[in-house]
Amino acid sequence: MSKNDNVILNEDIDFPQVRCIGDDGEQYGVISSDEALSIADSRGLDLVLIAPDAKPPVCKIMDYGKFRYQQEKKQKEAKKKQKQIEIKEIKLSVKIASNDINYKVKHAKEFLEENKHVRFRVFLRGREVSEPQGGFEVLNKVAAMLEDVANIERDFKVEGRYVNMLVTPKK
């Protein structure tokens, strides 16, 4: 009756002596694993190996199916409570016109109002890759326009043909 999550159950426990704990916290002490298995069977429960490295190994009598169900339920609840950060990406080029920058910054402000992070990427073409200063200048203009509504990660990163900047909303 082994499960796929590497838990040793029932007949798979091959230690001669185990310390056994009941489902209600009752201590059975150090008994043979066959005796612990018969106690679990008489109650209609599983014998689960909890601490295999202990001397003697520790086993617990429990309803393993119910235990796994409760664990999965807790994990789903924790996952629901996680806050997912959404990153919107806005692409620019080195030779972008100022009115186009204004338009893209306006969209970025809308995203920031919705508590989304915004990544600006300046695409470098041809010889611009060898001298990314043009990309830095464009991102500096954008950063100046967004200073009042966003926290700006000043260290621009050059990644291949792109110069990136991440902007997060101010609290």
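Mentor: Ala150 sits in strand β7, residues 150-152. Keep in mind that this is a predicted model.

Trainee: Is Ala150 buried or exposed?

Mentor: Residues under 20% relative accessible area count as buried. Ala150 has 4% relative accessibility, so Ala150 is buried.

Trainee: Which residues does Ala150 touch, not counting those up to four places away in sequence?

Mentor: They are Leu112, Val167, Thr168 and Lys170.

Trainee: How far is Ala150 from Ile13 in space?

Mentor: The C-alpha to C-alpha distance between Ala150 and Ile13 is 58 Å, with their positions 137 residues apart in sequence.

Trainee: Next, Met165. Where is Met165 found?

Mentor: Met165 belongs to strand β9, which covers residues 162-169. Its relative accessible area is 1%, so Met165 is buried as well.

Trainee: Which residues is Met165 in contact with, leaving aside neighbours within four places in sequence?

Mentor: Met165 contacts Val118, Arg119, Phe120, Leu139, Val142, Ala143, Ile152, Glu153 and Phe156. As for Ile39, that residue is 126 residues from Met165 in sequence and 63 Å away in space, C-alpha to C-alpha.

Trainee: How do I read a pair of packed helices?

Mentor: Two packed helices are described by the angle between their axes and the distance between the axes. Here, take helix α3, residues 98-113, and helix α4, residues 133-146. Their axes come within 10 Å and cross at roughly 50°.

Trainee: Why are α3 and α4 called oblique to each other?

Mentor: Angles under 35 degrees count as roughly parallel and those from 65 to 115 as roughly perpendicular. The crossing angle of roughly 50° falls in neither class, so α3 and α4 are oblique to each other. The crossing is right-handed.

Trainee: Which residues make the contact between α3 and α4?

Mentor: On the α3 side they are Ile101, Asn102, Val105, Ala108, Lys109 and Leu112. On the α4 side they are Val138, Lys141, Val142, Met145 and Leu146. By type, the residues of this contact divide into eight nonpolar, one polar and two charged. Two names have come up before: Leu112 of α3 is among the residues that Ala150 touches, and Val142 of α4 is among the contacts of Met165.

Trainee: Now the backbone. Which residues other than glycine have a positive phi?

Mentor: Two cases can be given here. Asn10 has phi near 40° and is found in the segment before β1 (17-21). Asn115 has phi of about 60° and lies in the loop between α3 and β6 (117-123).

Trainee: Are Asn10 and Asn115 buried or exposed?

Mentor: Asn10 is buried, with a relative accessible area of 8%. Asn115, at 52% relative accessibility, counts as exposed.

Trainee: Which residues does a cis peptide bond join?

Mentor: The bond joins Lys55 and Pro56, with omega about -10°. Pro56 is in the loop between β3 (46-51) and β4 (58-62).

Trainee: What does the UniProt record place at residues 9-78?

Mentor: An unreviewed UniProt entry places the feature "domain: Translation initiation factor 3 N-terminal" there. In the model, residues 9-78 are 37% helix and 31% strand, and the end C-alpha atoms are 27 Å apart.

Trainee: Which residues does the annotation "coiled-coil region" cover?

Mentor: According to the unreviewed UniProt entry, that annotation covers residues 66-93. In the model this span is 57% helix and 25% strand, with its end C-alpha atoms 57 Å apart.

Note on methods: Residues numbered from 1 in each chain as written. Predicted model: local features only at pLDDT ≥ 70, side-chain atom pairs only at ≥ 80, totals over all residues. Heavy atoms only, no water. Axes fitted to C-alpha atoms, helices over the stretch in contact; angles between N-to-C directions. Helix = DSSP H or I, 4+ residues; strand = E, 2+ residues; numbered from the N terminus. Parallel < 35°, antiparallel > 145°, perpendicular 65-115°, else oblique. Left-handed = near helix turned anticlockwise from the far one by under 90°. Contact = heavy atoms within 4.5 Å. Nonpolar A, V, L, I, M, F, W, Y, C, P; charged D, E, K, R; others polar. Buried < 20%, exposed > 50% of the residue type's maximum accessible area, 1.4 Å probe, protein only. UniProt positions renumbered as here; feature names shortened; annotations may be inferred.
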